[in-house]
Amino acid sequence: MKKRISLITACFLLCFIVAVQAPAQSSNADIQVSAKARAIQESAIVVDTHADTPQRFLDEGFDIGSTDPNDVGHLSLDKARRGNLNAEFFSIWVDPATNQGHFAKHTFDLIDSVYEQAARHPDRMIMAFSVADIERAHREHKLAACMGIEGGHSIENDIHLLRDYYRLGVRYMTLSWSNTNEWADSSGDIDDPKIQHHNGLTDFGKQVVLEMNRLGMMVDISHVADKTFWDAIAVTKAPVIASHSSARALVDAPRNMTDDMLRAVTKNGGVVQVNFFSGFDDQNFWNAAKAQAKDKAAAEQKYIDDLKAQGKEVNYIELDRIDREWTAKIPRPPLKSLIDHIDHIAKVAGVDHVGLGSDFDGVSGATPQGIDSAADLPKITQALLDRGYSADDIKKILGGNLLRVFGEVERVSRDLQAQSSPAK
Ligand SMILES: [Zn+2]
């Protein structure tokens with residue numbers, strides 16, 4: 001898939017972002033979910049803030065209603081139902097490398113792909129644009145389909161496009177992806193001297209944040225460079241989210257958040273949604289993935305070059321197979337690695353400021369043992385119970401915190417719209 005190629009390119013060139021694949025075989029860490037954990041899971045509104053499944057919709061023609069037992073994808077309506085996942089923020093991610101010159105078109109195509117899935121399954125999935133929509137979907141036992149744009153390059157430096165995306169239902173935007181755009185520095189290339197950086201957010205970038213506040217679009221600081229984070233925190237009038245970020249105190253990846261950042265999110269009233277990617281959650285995995293990154297990228301490049309020489313198009317499924325072969329060499333970390341990040345952020349930022357941002361279908365299977373799809377979410381609830389978390393605190397982590405932040409972003413938007421006119 002396109003995301004994978006771009007991640008690989010990034011890791012090859014920058015050694016920051018490593019796309020790794022985990023073996024698809026079932027894990028050796030089978031956690032039994034107790035009746036108590038099941039009851040908590042089922043009484044919560046469970047919200048995940050990052051799944052890359054739209055690329056599957058668009059590039060593979062994947063149907064979210066699929067019940068194919070051989071499908072290694074993380075998300076389907078069936079898997080969501082089994083894990084009691086109530087709301088998913090589908091990631092609208094435009095590969096900057098392969099969509100130069102038409103970021104907006106690809107953004108619209110991905111948005112369309114989510115609507116088309118909802119239209120295909122009206123009995124089980126519904127588009128959702130507000131906290132009230134998510135609550136209604138929950139009552140109707142349907143998956144609430146929300147959307148977040150991953151990477152500010154999608155707006156093509158045009159505030160009008162930002163507003164168009166809001167009108168189509170996009171409710172968060174990650175200020176940058178792994179690429180620095182023309183108004184926000186990214187953690188993915190911040191040490192690359194060939195990239196023109198801005199020392200965080202430009203004046204236009206700050207204007208984008210304020211317009212997002214006014215519209216009621218959540219400001220997402222996952223992926224951004226540290227200075228961009230601090231600029232966004234200083235400028236925003238509403239709580240921010242990290243839609244899929246883990247803790248740098250536990251794994252030294254530049255994409256992860258420092259404890260100072262976590263405390264700043266507490267002060268801001270926001271929430272950090274923990275990423276399930278093994279590389280961000282387990283230092284051994286991260287080290288092993290970095291160590292093999294160059295060789296893996298070379299193997300993939302050879303495949304791409306061979307195809308080009310034959311005048312053929314790159315086959316993403318075949319590339320995925322190569323990726324998985326390499327990743328199979330790295331042991332999958334235990335579920336404990338993921339739970340440690342939730343626990344750390346709950347301790348440093350507070351239990352009101354942590355949630356779940358899986359990155360499902362964006363890491364090609366590189367999740368901890370026991371988490372093979374959305375159907376396994378109740379194992380996280382069990383693991384939190386085992387660590388002594390109360391039912392009320394677990395419900396906050398599963399979705400309550402995100403809904404509080406989303407509601408506050410809606411309230412700030414109403415206040416700002418009562419006071420101001422749109423940015424030019
Ligand atoms: Zn991401």
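Where does Arg56 lie? Arg56 lies in helix 3, and helices here are DSSP runs of H or I with at least four residues, strands being runs of E with at least two, both numbered from the N terminus. Before going on, keep in mind that this is a predicted model, where local features need pLDDT of at least 70 and side-chain atom pairs count only at pLDDT 80 or more, while totals for chains, interfaces and linings use all residues. Residues are numbered from 1 along each chain as its sequence is written, and side-chain values use heavy atoms, with hydrogens and water left out.

Back to Arg56, then. This arginine counts as buried because its relative accessibility is 9%; buried means under 20% relative accessible area, exposed means over 50%, and partly exposed covers what is in between, using a 1.4 Å probe and protein chains only. The Arg56 side chain has a partner: a polar contact of 2.9 Å joins it to the side chain of Asp71. By polar contact we mean a pair of N or O atoms within 3.5 Å; within protein, one must be able to donate a hydrogen and the other to accept it, and residues adjacent in sequence count only if both atoms are side-chain atoms. Helix 3 spans residues 53-60 and also holds Gln55, which is buried because its relative accessible area is 4%. If you want a yardstick across the model, take the C-alpha atoms of Gln55 and Lys395: they are 340 residues apart along the chain and separated by 30 Å.

Now step back along the chain to Val46, in the loop between helix 2 (35-43) and strand 1 (47-51). Val46 has a relative accessible area of 1%, so this valine is buried. Leaving aside neighbours within four places in sequence, Val46 is in contact (heavy atoms within 4.5 Å) with Gln41, Asn84, Leu85, Asn86, Ala87, Leu377 and Leu398. Its C-alpha atom is 9.2 Å from that of His138, although the two residues are 92 apart along the chain.

Thr98 gives another view, from the loop between strand 2 (87-92) and helix 5 (103-120). Thr98 counts as partly exposed because its relative accessibility is 39%. Its side chain makes a polar contact of 3.4 Å with the side chain of Asn99. The C-alpha atoms of Thr98 and Ala44 are separated by 40 Å, with their positions 54 residues apart along the chain counted as the residues apart.

Two residues stand on either side of strand 4 with a backbone detail to check. His141, in the loop between helix 6 (131-139) and strand 4 (143-150), has phi near 55°, a positive value in a residue other than glycine. At 61% relative accessibility, His141 counts as exposed. Asn157 sits in the loop between strand 4 and helix 7 (159-167), and its phi is also near 55°. Its relative accessibility is 35%, so Asn157 counts as partly exposed.

On to the metal. The zinc ion is coordinated by Glu150 (OE), His223 (NE2) and His244 (NE2), at 2.0 to 2.2 Å. Donors are N, O and S atoms within 2.8 Å of the metal (3.2 Å for Na, K and Ca), and water is not among the atoms, so sites may look incomplete. Along the chain, the donors follow the spacing E-x72-H-x20-H. The histidine pair links distant parts of the chain: His223 is in the loop between strand 6 (218-220) and helix 9 (226-235), and His244, 21 residues away, is in the loop between strand 7 (241-242) and helix 10 (259-268). Both histidines are buried.

His244 leads us to Asn275, whose side chain reaches the backbone oxygen of His244 at 3.2 Å. Asn275 is found in the loop between strand 8 (271-274) and helix 11 (278-281), and counts as buried because its relative accessibility is 0%. A polar atom of its side chain also lies 2.8 Å from the backbone nitrogen of Phe277. Beyond neighbours within four places in sequence, the contacts of Asn275 include Ser245, Arg255, Leu338 and Asp359.
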